[in-house]
Amino acid sequence: MKERVEKALNDQIKKEGQSSQFYLAMASWAESNGLSGTSGFMYKQSEEERFHMLKLVKFINERGGIAIIPGFETPPTEFESVLNVFELLLSHEIVITESINDLVEVCLNEKDYTTHNFIQWYLSEQLEEEALARTILDKVKLIGEDKAGLYLFDRDLENSTIQITPANTVSPGA
Ligand code: FEO
């Protein structure tokens with residue numbers, strides 16, 4: 001495996017792991033504030049990010065590289081509101097998408113088409129995760145300060161009745 005590709009993949013391991021910790025902190029905050037739907041959703045997101053990290057670890061090792069297991073910064077323990085949580089979720093996912101795009105560029109520059117192929121899975125994951133975060137954020141914005149609305153929103157999240165809006169899932173050019 002080319003050094004530049006290995007380094008970029010290892011950087012991505014750290015970002016996925018950091019995302020997992022960040023979402024775990026959100027889940028814990030929501031849980032301690034009685035928001036069981038939001039909490040359950042963020043615990044699940046945290047697990048998914050950990051899975052993204054593990055998939056990279058295994059890929060690097062299987063291709064003869066050395067996966068570096070990083071330490072993580074302590075994420076925040078307090079969040080302003082549910083709105084704040086979902087704003088942070090979306091902005092964080094946008095940053096991760098940019099990072100995956102950079103990774104694609106490194107693969108192409110280094111002519112590593114196997115890794116390029118592997119990374120395509122992450123690109124579609126990002127498309128879905130951004131769309132889901134946007135859909136939820138739009139709903140939270142609509143609710144505003146309405147406490148009853150927030151209660152129902154949290155219950156809907158718990159029952160997983162919030163789905164990605166179809167328009168957001170249409171890929172460019174489709
Ligand atoms: Fe794995 Fe959503 O970044």
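## Where α1 meets α3

In this predicted model, α1 lines up against α3 through a long list of residues: Arg4, Val5, Ala8, Leu9, Gln12, Lys15, Glu16, Ser19, Phe22, Tyr23, Met26 and Trp29 on the α1 side touch Val82, Val85, Leu88, Leu89, His92, Glu93, Ile96, Ser99, Ile100, Leu103, Val106 and Asn109 on the α3 side. Sorted by class, that contact comes out at 15 nonpolar, five polar and four charged residues.

As for geometry, the axes of α1 and α3 come within 10 Å and cross at roughly 170°. Angles over 145 degrees count as roughly antiparallel, so α1 and α3 get that label.

## Where α1 meets α2

α1 also packs on α2, here at an angle of about 165° with the axes 8 Å apart. That makes α1 and α2 roughly antiparallel too, and their crossing is left-handed. The α1 and α2 contact holds 14 nonpolar, eleven polar and five charged residues.

## The nonpolar cores

Nonpolar side chains tend to be buried together in soluble globular proteins. Here, the largest nonpolar core has 24 residues, and the members touching the most others are Phe41, Met42, Phe86, Ile136 and Phe153. Five helices each put in two or more residues: α1 (3-32), α2 (36-62), α3 (82-109), α4 (113-143) and α5 (147-158). Which one gives the most to this core? That's α1, with seven residues.

There's also a second core, separate from that one, made up of 18 residues. Val57, Ile60, Val104 and Phe118 are among them.

Technical notes
Residues are numbered from 1 along each chain as its sequence is written. This is a predicted model: local features need pLDDT of at least 70, side-chain atom pairs count only at pLDDT 80 or more; totals for chains, interfaces and linings use all residues. Side-chain values use heavy atoms; hydrogens and water are left out. A nonpolar core is a set of buried Ala, Val, Leu, Ile, Met, Phe, Trp, Tyr and Cys residues joined through side-chain atoms within 4.5 Å. Buried means under 20% relative accessible area, exposed over 50%, partly exposed in between (1.4 Å probe, protein chains only). Helices (H or I, at least four residues) and strands (E, at least two) are DSSP runs, numbered from the N terminus. Axes are lines fitted to C-alpha atoms, for helices over the stretch in contact, and angles run from 0 to 180 degrees between N-to-C directions. Angles under 35 degrees count as roughly parallel, over 145 as roughly antiparallel, 65 to 115 as roughly perpendicular and the rest as oblique. A crossing is left-handed if the near helix is turned anticlockwise from the far one by less than a right angle, and right-handed if clockwise. Ala, Val, Leu, Ile, Met, Phe, Trp, Tyr, Cys and Pro count as nonpolar, Asp, Glu, Lys and Arg as charged, and the others, Gly among them, as polar. Contact means heavy atoms within 4.5 Å.
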